[in-house]
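Thanks for coming, everyone. Have the structure open in front of you. I'll go through it piece by piece.

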Amino acid sequence: MSHQGYVAAPPYSQAQPGMGAYPAGFGPGPNQHMYGHYGDQQQAFSPPLTGAMKSPVSAPGMPPPPAPSSHYSPTAQQNGSHPQRSPGCLDWLWSSSTVPVPKHGPTGSASHKAAHQSNGCHELGKLRPGSHAEPSSEPHSAPAHTSPCYGPAPGPSWAPPDVSDPVTPGRHANGWSSNGRIPHVWSTKCRPPNVWSTNGRVPNAWSTNGRIPNVWSTNGRIPNVWSTNGRPPNGWSTNVRPPNGRSTNGWPPNGRSTNGWPPNVWSTNGRPYAGPPAPGAGGYQQLGPGPNSPSGYPQQPGQFSGQMAGGQMAGPQHGFPGAFPGAAMAGPPQKKLDPDSIPSTVSIRHPTSPHMHNLCHTLFLSYVFPPVLLTQVIEDDQAKRGGQIYATNIRGQVPPLVTTNFTVKDQGNASPRFMRCTTYTVPCTADLAKQCQVPLATIIKPLAIVPKDETPLYVVNHGETGPIRCNRCKAYMCPYMQFIDGGRRYQCAFCNCVNEVPAFYFQHLDHMGRRMDFYERPELSLGSYEFTATLDYCKNNKPASPPAYIFMIDVSFTNIKSGLVRLVCDELKTLLDKLPREDGAECSAVKVGFVTYNKILHFYNVKSALAQPQMMVVSDTAEMFLPLLDGFLVSYPESRAVIHNLLDQIPDMFADTNESETVFAPVIQAGVEALKAAECSGKLFIFHSSIPTAEAPGKLKNRDDKKLVNTDKEKTLFHPVKGVYEQLSKECVAQGCSVDLFLFPSQYLDMATMGHVPGHTGGSVYKYSNFQVETDGEHFLRDLRKDVEKPIGFDAIMRVRTSTGFRATDFFGAVYMNNTTDVEMAAVDCDKAVTVELKHDDTLSEETGAFIQCALLYTTVGGQRRLRIHNLSLNCSLQLLELFKSCETDSLINFFAKTAYRAILNQPLKSVREILVNQTAHMLACYRKNCSSPSAASQLILPDTMKVFPVYMNSLMKTAPLVGSTELSTDERAHQRLAVMAMGVEDTQRLLYPHLIPLHNMEVDGSEVPAPLRCSEERLSEGGVFLLENGHSLFLWLGQACPPDVIQGLFNLPSLAHLQPNLSTLPDLDNPLSRKVRSIINSLQEQRPNSMKLHIVRHKDKQEMLFRQFLVEDKGLYGGASYMDFLCYVHREIRQLLN
Amino acid sequence: MATFPEFISQNEERDGVRFSWNVWPSSRLEATRMVVPVAALVTPLRERPDLPPIQYEPVLCSRATCRAVLNPLCQVDYRAKLWACNFCYQRNQFPPTYAGISEVNQPAELLPQFSTIEYVVQRGPQMPLIFLYVVDTCMEDDDLQALKESLQMSLSLLPPTALVGLITFGRMVQVHELGCEGISKSYVFRGTKDLSAKQLQEMLGLTKPSAAQGARGQQAPQQPLSNRFLQPVQKIDMNLTDLLGELQRDPWPVTQGKRPLRSLGVAMSIAVGLLECTFPNTGARIMTFIGGPATQGPGMVVGDELKTPIRSWHDIEKDNAKYMKKATKHYEALASRASSNGHIMDVYACALDQTGLLEMKCCSNHTGGYMVMADSFNTSLFKQTFQRVFTKDVQGAFKMAFAATLEIKTSREIKVSGAIGPCVSLNAKGPCVSENEIGTGGTCQWKMCGLDQSTTLALYFEVVNQHNAPIPQGGRGALQFVTQYQHSSGQRRIRVTTTARNWADAQTQIQTIAASFDQEAAAILMARLAVQRAESEEGPDVLRWLDRQLIRLCQKFGDYHKDDPNSFRFSETFSLYPQFMFHLRRSPFLQVFNNSPDESSYYRHQFIRHDLTQALIMVQPVLYAYSFNGPPEPVLLDSSSILPDRILLMDTFFQILIYHGEMVAQWRKAGYQEMSEYENFRHLLQAPVDDAQELLHTRFPMPRYIDTEHGGSQARFLLSKVNPSQTHNNMYTWGQESGAPILTDDVSLQVFMDHLKKLAVSSAA
């Protein structure tokens, strides 16, 4: 599917609302484009999109055919010559656009007859106007895709022209931007490739030389490639082109190798990868001297092509079939990547070089190619800001990256651990915000863990009066309130209302106008603090009671047989001692309860007074109710003996069960009823095995239909079944009942529906497919322990208040919204984050800035009602540059991930992906246009703060939910979608860019963890051992040539061959290497909110496929472009926008 | 021939049958003119320790419509080995086992002294007895504690093979699984949702009864017929004792101003359903213990708001009892399910307020179950009564029988109209079924799921012989009562009673017929009719009907001159009858004033199941006087009997009351009984107490024991019962110092009799 996204690229220009406009006014286009978020615009887009796709069919007499024809022809040739080679591409083509074939085929061939694609180009150019009239006729992508279909016919005739590169470029043009802009170029030079390097220079180079080597020569002309930016475009274009080289089937290997110039780019830095991260400046300077690079070229070409192959074309071509001919034509057998060549490419450091900053006032200019290295950015930030104290006393200050270790000192703004924004400078006007397309959002993790070396939140108690709040907007007292009138009154920072200061709260002001007690009152001096809530803030005006944890174990055949039930029961005996407790409390106030179930439910009375537990069976699942009150929810320390007795018995009681049906909704219902009866909030831990098919409310059936993948109906796979579960979510939230689901499926169980309740009640879903105690037991138990022990608040309502001029408009997370402002969460734990989208409704003032106050009302694990307040002040600016300077990529991608994952519920994946790409391009184009110094259009110029944004974006688009692949299990996709919706910035960052840690040549003695590498296959080496981790999975990759002593050290085995498959733990060996590796793994396990199952993967194992999909810079396993391809594509889009 | 009284008592002794008339009018017309119908009080299982059960099965008449049992009234041809059925005159061959029969070698059933005989059915398995406890947990802790103890005690009284089950209920209903090791399990049901037997079976995970039955049919029941919920006492004795011990008061909070939510209706329904799907047609007792009214779900009789009191007679009359009809319907449906499966439903209701016995009465009445009403489970009244349920006879068998059917065979001249008593119709039509229905009619077979040795049915007959078809002199009408039942030992038994009475022509032999009148039996039979009517008709209508019948009887059998009340004379056999009627009119069976609907239901329940003696006590309490003037003596139930120097002992069946006269009370207060010189006073005080104890020990249900004195508040029980011969209206005119005036406007017996005479002799009537 993802290729479609990309492929769609061409259509993408059409798909946009601009679809019509785009081609027409390419230039003006960008501004008019609505790149908005899913919420508002998608709808507008999608219909045209489909229309566009289908138009060829629907408009029989369409004149535009010529235009398509031009596209077709090139592809046709290509197809003619290559189809066999890129079956993947073909498949894809078939699926997406068989329809147009008949229509265009003839026309296409006709035009071909007249001339090859150059003709087509002409026509295209001429037809531009026409195409405005019928935007739908633009279906570039469609033609591009369809080409294969009728390729065969024209193919032969085209074969000869094919041989020359002009042909392929033409195709590119078609694919990417068959827009009228280029016709010129085309007509004159038959060189659509301009798309990439509209400098015009390059085309010449091409046209004149008809060969890429020329490119090099041009390069040669511009020695200062980097500084002038002149060269890279070429590099790019050529880079993109390499495919051309390849696509022009006729090309001798040489041709290709020459194409492969990009290696030069890599090499220009001349920095051996192996070397330590070189200071940017150095890298930069090295790069400067053109001579180096030219000299490098000759040596590298072969490698490059190889690299390209490896990186981007190794798999079946999914990437940019139409758009990216190179990819499409990947056909010719690729050389395997030469690992040795890689290091040199990696060391490029421009992006981060301080030098660069100086030069371009933090703007960041770089070639797309080489791509900015994310690992480098992270490392740099760590180097620059790591280990330092980050004081939050400055408005609009951009915090360090999430990956950086720093200490926060709260001086009036909430720690970035609690709140992070996509940008810390808000554009003053809605227009500006619209223009830059940078979403305004804040990601709030209200109960984030505060590290030990930071001050925990103060609790302010104003006694019976409760917290002081603005009379009008009800904002809570905070550092932004302005005391006036000698301290008798204060002006609300949010609504500007002037309030009286209550008598008891009065305090004189000092000469600065600050209250004398400024430093004594957390609510006046800190960004985050808590208030003790009064009864007014409690349900029914009754004091809250401590929450309850209810463990609900599916004791059907599957779970008994897998040994899960025994495992859980045994674990609970120790785990229950570690229930979360209030700070300073001696023991946890949390009550516990137990339920087992298959198609009927068993409740247990474990009152401490009982000699033995009592089991109460409820078989009437139609109307669930709680069969007992007293003794169901008990204090663990008091009832320990009875509970242990029970936990000992449960596995035996059901040992000979043969009940395989289960219920599900009644189980949750039972939990809710229990909490209702106990008048408390709480959490259900449900250990469930299979799709609930027993006759009861919430019965589900298998609706996993792989045929829906890649269709408009795909979204139904992510939609929960209507009815019972929605109602249940509502009830859960009303009662403050959070649901954590541990699933042990052996087949489809309708995750989308089953996850609905957890997904709306601040719960989590854990999934262990084909669970086996031996291999997954420890993994599961780690999750369970983390889940039970983690700090959490219950029955929470969150309200985000903002100063006038903008407001919170949309909320993403495991939350429930009853109205548009109150974010209700049955529970919120330390890892749950809510992403809040902000929009302008007025103009903001640069002077006063913008304020956000997040107030979370919740019940602590000790049963106290609290208000947690987080305040954040942001800058406002009329300068887009300021905005881009304060962007926060990690937050941005979190926002994009969540919006996209929500959007797939409502629209086809294809348009979701398109919108993502569009917005990416648009943001970057806006920057380029408004903020960067003039430079050649062929340059990809990224804002410093967003330079790694494309990596993330690309990775995001390759995540399972956004990839339309039938190979991925529906449940898996739904699960990931669900998980991401509740994630904070750190988690999305890590998910989208896993850590790849080389273990083979690290210092085994120190505590230092080796620096992570880029997530690309290039980085792997046969003789290496790597650890990859993304917060959910953990892989230990062993190269085939892994030294025996490493194997010996890690596994106590003589060689790799002796390694058992499916190993999931490292043996406990007493040698430095083993200790070190295990300590790294353990510390990772500790840091992450989830347990990660360790997969030990040998190179070329079957399992390696799993591992490969996490190498996010490479081409996706199930489709999706490599980082470089994506950059190319984005760059092209940007350039289109700029024109 | 002995006198009629002797004859009557002899028959009652032997057969447990008392007829209103012991000589029957030979035509329908005459019979209807007798006012009191030909009817019988039948005590099918009257205790006959002298009667050895016969270890073979009865010989039946071969006529399909008859199937009467061979009896002493049959004519036997010893030579031909033939016998003629005395009901249908069918001639039957004796079975081969009777080959040796002769005049001198007669089987027991042919001997006249065996007019009542009991056979033991040899076929079929011995069924276990089943006791299913349905226990309310919404009660005060000490009540619950007392109940738990009673229940635990009862386990020791059950035969070891008896199956027991436990259902508890409060807001929810719990069916306890018995014999679980390590953990006690129960199945819990919502108290607001009724479940069909099938649903219940699924939810409890029980196997189909057909499988169990099938197994029972072929092979002997080696595998114990039990399931997880009903298990033999011997096996789960300890377990159940613990379970009961751990039983907690219903934990659901009851807010102020509310009644606890009590799911009685569903609990009983589940109990019925459980037995229905596991042990159909097997004797079983569902013993329901309730501490208050059902307040939710089907069968609820009152809402949980304390401010709305439970329905009173006033509400019912005003049609203001919102839940009554629905609840009654629910319990009726349950009763009918239970009775069709042969299961008994007992109700032990112990609460100060009403508990809904009115609605639930059919459960006990239709299934022959007990209904016990007391103030608390923590009273000896309940404890003793409950213990007495399990009393055993000399053979060590329970005095209760299960799943009985009573069938009636009649001679051609007489047909059965119906029955009144703790039974349900089996809808068996036959030649001996009259078209006129009285009570539960239209059948010649009734099911009595539970019965004991005093359970008595009133059976009403219709003489169908036409006036123009005279019966030859000396002809006798015969009746045969065939009672098949499950003995508490598990055996199936058949008790057959065959009895016959002479026919007489009412025109010529009216004196004979009048002399054969059994006024006690007649009073009770009429009372049952009246009570039956009272259930459905307005109180005054019933009384009017009763009065009219009495007047007609007086007119028919009195000896008087027209319009001269003073000339009215009644023969001895009728002399007490009007007095019975007088007390019946005042009894709680017909008067609802001062009684709650529950009490009325309770009294009526007891009245229609007990035998004649007990019933008579209920109608006209017995009063004994103790004084220094002589030995204890029965005295008139009259206010004149209340004297200062007397101690009175009144037995109303429901109450045993000792009343100390004014003087005696003063003496007692002064403590004379403590002084050795007044030992005789101590003896005097002790005498009625001892007598009362004796009564208390034998009576079931145990009566309320009241010790009161002149002026004591509880003396009202006595004052309300005695004939108010002296009231505040006439005490001075009567001019007598003795006795105690009763503050009432009720008419006294004297006034009643005067009116009666007047009306009887009136030619206008």
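UniProt, in an unreviewed entry, places "domain: Sec23/Sec24 beta-sandwich" at residues 401-504 of chain B. Positions from UniProt are in the numbering used here, feature names are shortened, and annotations may be inferred rather than shown by experiment. That span is 58% strand and 0% helix. Its end C-alpha atoms lie 38 Å apart.

A word on the ground rules. This is a predicted model: local features need pLDDT of at least 70, side-chain atom pairs count only at pLDDT 80 or more, and totals for chains, interfaces and linings use all residues. Residues are numbered from 1 along each chain as its sequence is written, chains are lettered from A and ligands numbered from 1 in the order written, and side-chain values use heavy atoms, leaving out hydrogens and water.

Helices (H or I, at least four residues) and strands (E, at least two) are DSSP runs, numbered from the N terminus. Two strands pair if DSSP finds at least two bridges between them.

Now a sheet in chain B. Five strands make an open sheet, in the order β1-β3-β21-β17-β19, with antiparallel pairing. The edges are β1 (17-19) and β19 (440-441) of chain B, each with a single partner strand, so one side of each has no neighbour in the sheet. Look at β17 (residues 414-420) and β21 (residues 457-463) of chain B: six bridges join them, antiparallel. Gly418(B) has Tyr460(B) as its bridge partner in β21(B).

Two other domains come from unreviewed UniProt entries. "Domain: Zinc finger Sec23/Sec24-type" is placed at residues 58-98 of chain B. There the chain is 22% strand and 0% helix, with end C-alpha atoms 12 Å apart. "Domain: Sec23/Sec24 trunk" is listed at residues 545-788 of chain A. This span is 37% helix and 18% strand, and its end C-alpha atoms lie 19 Å apart.

So how do the chains meet? How many residues of chain A are in contact with chain B? In chain A, 28 residues are in contact with 19 residues of chain B, where contact means heavy atoms within 4.5 Å. The two chains bury about 2000 Å² between them, 54% of it on carbon and sulfur atoms. Buried area is the accessible area (1.4 Å probe) that two parts lose on being put together, summed over both.

The rule finds three salt bridges across this interface. A salt bridge is a side-chain nitrogen of Lys or Arg within 4 Å of a carboxyl oxygen of Asp or Glu. Arg190(B) and Glu623(A) meet in a salt bridge, 3.8 Å from N to O. On the side of chain A that touches chain B, β15 (614-618) and α32 (636-653) each supply at least two residues. β15(A) gives the most, with five residues.

β15(A) also pairs across the chains. Its partner is strand β11 (residues 184-190) of chain B, parallel, over five bridges. Met615(A) has Lys185(B) as its bridge partner in β11(B).

Over all chains, the count is 90 salt bridges. Arg990(A) and Glu1029(A) form a salt bridge, with the closest N and O atoms 3.9 Å apart. That pair links distant parts of the chain, helix α44 and strand β29 of chain A, 39 residues apart.

Last, two backbone details. A cis peptide bond joins Phe700(B) and Pro701(B), with omega about -10°. Lys1100(A) has phi near 70°, a positive value in a residue other than glycine.
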